[in-house]
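Student: I would like a close look at one part of this model, namely its nonpolar interior, followed by any backbone angles that stand out. Could you take me through it step by step?

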Amino acid sequence: MRLEEERRFREFAADRARSLRRTAYLLCGDWHLADDLAQTTLIKMYRSWSRLERRGELDAYVRRVLLRTWLDERRRPWRRAENSCSEVPDAPDASAGPEEVADRMEVSGLVHRALLALPPRQRATVVLRYVEDLSVADTAAALRCSTGNVKSQAARGLDAMRAAIGTAGAGLSACGTARGGDA
């Protein structure tokens, strides 16, 4: 790889690393695995950078590589017996009182647990559609499926999340905000 190509790759990686890690976390639910997935994705991108840069559409491709890397990781035999059960480390918001922070953290935890309870395809669809804010067509391209499949997977995923949040968070006042159309 030429120096100029390597410089452009480094800029690309620096710009996308944080969002890749966040998306990977939403897919797998484990910050350590999310780091590994993001790094593996960037390594795969680096290996083919010259070809990829000429073709363009790097953002769509990096999402597809991340998704495939996560699915491959889930298929590995040592992952089948391992369950991630640690709590998400959240830092309190200094600008809010303890009650508001506790309510927000509880709602955030409910949404995250509901997301992790979804099957992999539904979870990937919900993350790409509503967290990454991709269109139906872009999500279908990333998942290599039809737009109708994206719509049905998203609808089923959101319904399952609403049911899980509604059951688990029936007593929370802030939980009603998660019942909108775009969770």
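Tutor: The largest nonpolar core holds 41 residues, and those with the most contacts inside it are Leu37, Met45, Leu67, Trp70 and Leu115. The elements that give two or more residues to this core are helix H1 (3-28), helix H2 (31-47), helix H3 (49-55), helix H4 (58-75), helix H6 (98-116), helix H7 (120-131), helix H8 (136-143) and helix H9 (147-168). The largest share, 9 residues, comes from H1. Please keep in mind throughout that this is a predicted model.

Trp70 repays a closer look: once its neighbours within four places in sequence are set aside, Trp70 is in contact with Leu27, Cys28, Leu37, Pro120, Arg123 and Ala124. Of these partners, Leu37 is also listed with Trp70 among the residues with the most contacts inside the core.

Turning to the backbone, most residues other than glycine have a negative phi. Against that background, Asp133 has a positive phi of about 60° although it is not a glycine, and Asp133 sits in the loop between H7 and H8. With a relative accessible area of 64%, Asp133 is exposed, because the cut-off for that word is over 50%. Arg144 likewise has a positive phi, near 55°, and is a residue other than glycine; its place is in the loop between H8 and H9. Arg144 counts as exposed too, at 60% relative accessibility.

How values were computed: Residues are numbered from 1 along each chain as its sequence is written. This is a predicted model: local features need pLDDT of at least 70, side-chain atom pairs count only at pLDDT 80 or more; totals for chains, interfaces and linings use all residues. Side-chain values use heavy atoms; hydrogens and water are left out. A nonpolar core is a set of buried Ala, Val, Leu, Ile, Met, Phe, Trp, Tyr and Cys residues joined through side-chain atoms within 4.5 Å. Buried means under 20% relative accessible area, exposed over 50%, partly exposed in between (1.4 Å probe, protein chains only). Helices (H or I, at least four residues) and strands (E, at least two) are DSSP runs, numbered from the N terminus. Contact means heavy atoms within 4.5 Å.
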